[in-house]
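Trainee: I'm new to this one. Could you take me on a close look at a single part, the largest nonpolar core, and then point out a spot beyond it?

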Amino acid sequence: MSNSAPLHPSIIAMVSLAANIAANHPKKGLCQIERLRGYGVTDGQIDMVVDIARHLRDEAGQMLDAQFNEEANLAVPPAPSAGAPEPAKAACCTPTVKGNACC
């Protein structure tokens, strides 16, 4: 058992929002947005969380598509998403289109 203090509910709501978006969860994290606003989190901060989660979701999809194409010996690369990074980036973290760092 850990002796650390519990996370603030706003942090839990942010993590949950990001996970819902990154996982393409049908609930989309919409209830977390209302909770975050209730905790005083600004729309700009919420936008940053959404931007990073979408970036990671899109990047993961592109990497999986590229790996599938390679393993299936398909010569046609997947169509790039608007502003999304190339799937074969060597860096472990690429910034979002809006310039937000994801790590």
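Mentor: Let's start with how far to trust the model, then go to the core, and finish with one cysteine.

This is a predicted model, where local features need pLDDT of at least 70, side-chain atom pairs count only at pLDDT 80 or more, and totals for chains, interfaces and linings use all residues. Residues are numbered from 1 along each chain as its sequence is written, and side-chain values use heavy atoms, with hydrogens and water left out. The protein chain has a mean pLDDT (the predictor's confidence in each residue, from 0 to 100) of 84, with 82% of its residues at 70 or more.

Now the core, meaning buried Ala, Val, Leu, Ile, Met, Phe, Trp, Tyr and Cys residues joined through side-chain atoms within 4.5 Å. Buried is under 20% relative accessible area, exposed is over 50%, and partly exposed is in between (1.4 Å probe, protein chains only). The largest such core has ten residues: A13, L17, I21, I33, L36, V41, I46, V49, V50 and A53. At least two come from each of α1, α2 (30-38) and α3, and α3 gives the most, with four. Helices here are DSSP runs (H or I, at least four residues), numbered from the N terminus. Take I33: leaving aside neighbours within four places in sequence, I33 is in contact (heavy atoms within 4.5 Å) with L17 and I46.

Last, look at C93, in the segment after α3. C93 is buried, because its relative accessible area is 17%. Beyond its neighbours within four places in sequence, C93 is in contact with C102 and C103.
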